[in-house]
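Work through the exercises below with the model open beside you, and try each task before you read its solution.

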Amino acid sequence: MKTANEPRVQADRRFFEQVEFYLMTDPEPSKFIQALSQTPNFDRYPFSMLLRLRTTDQSPKHHPEGSVWNHTLLVVDEAAKRRQDSLDARVFMWAALLHDIGKPDTTRKRNGKITAYEHDAVGAKLTRSFLTAFKEERKFVDKTEALVRYHMQVLYVVNNLPFQDIKGMKRQTDIREVALLGLCDRLGRTGADRQKEEDQIKRFLALCEGA
């Protein structure tokens, strides 16, 4: 049985560029990405890693929109509204698409609850594998990997959890980019309270800047 990381038939570079075109230009990239996900290229490595998001469940309490795939499409559309605010829109948009790529490998049911502990760390490694499959330049890969690695820090810092790593985050990426992706992540849920989430992001930035 093949694993998610084992290359099968390599996706075409032109397909990667097609996905990127919609990420970078369309006001609602999810519509086109959803359509592209029905094509054979999504069955090919590394896009096959994203295909697994469709069948990965999430906590209905925190993600009433359903699967990780549904959530990811919502996040991508939120990110498209804010890509002009990013220091590097290309990194930002790919991070939005790949931010939960680690969930299929980490999702478990524990005591009746669905969890995905360490999906940020696992997702960072898979992000590197995904992008290097298309021979992307190292700087771009490093920046996207770091943003995926630290996208959960908003939750960790605001709730003063032991997983918070403000110093490491500051060394590896820009806290405002993390905040921007974090806002999109939190708004990419059915029924999200926009004002509440924006307030949480402000608190995150204040705590990071004061650390």
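**Exercise 1.** Find which ring the charged end of Arg 149 sits over, and then look for another arginine that lies over the face of a ring.

*Solution.* In this predicted model, the charged end of Arg 149 is placed over the ring of Tyr 150, at 5.3 Å from the centre of that ring. Turning next to Arg 54, we find that it lies over the face of Trp 69, with 6.0 Å to the ring centre.

**Exercise 2.** Decide how the ring pair of Trp 94 and Phe 130 should be classed: stacked, edge-to-face or tilted?

*Solution.* A search of the whole structure gives 13 aromatic pairs. For Trp 94 and Phe 130, the ring centres are 5.9 Å apart and the planes stand at 50 degrees, so this pair is tilted. The angle is to be read against the cut-offs, since planes under 30 degrees apart count as stacked and those over 60 as edge-to-face. The pair also joins distant parts of the chain, because Trp 94 belongs to helix H5 (residues 89-98) and Phe 130 to helix H7 (residues 119-132), 36 residues apart.

**Exercise 3.** Establish whether Trp 94 is buried or exposed, and describe its surroundings.

*Solution.* Begin with accessibility: Trp 94 has a relative accessibility of 0%, and therefore counts as buried, while Phe 130, also with a relative accessible area of 0%, is buried. Next, beyond its neighbours within four places in sequence, Trp 94 is in contact with residues including Phe 16, Phe 47, Phe 140 and Thr 144. Finally, the largest nonpolar core has 57 residues, and Trp 94 and Phe 130 are among those with the most contacts inside it.

Terms used: Residues numbered from 1 in each chain as written. Predicted model: local features only at pLDDT ≥ 70, side-chain atom pairs only at ≥ 80, totals over all residues. Heavy atoms only, no water. Phe/Tyr/Trp six-rings, centres within 6.5 Å; stacked < 30°, edge-to-face > 60°. Helix = DSSP H or I, 4+ residues; strand = E, 2+ residues; numbered from the N terminus. Buried < 20%, exposed > 50% of the residue type's maximum accessible area, 1.4 Å probe, protein only. Lys NZ or Arg CZ within 6 Å of the ring centre and 35° of its normal. Core = buried A, V, L, I, M, F, W, Y, C linked by side-chain atoms within 4.5 Å. Contact = heavy atoms within 4.5 Å.
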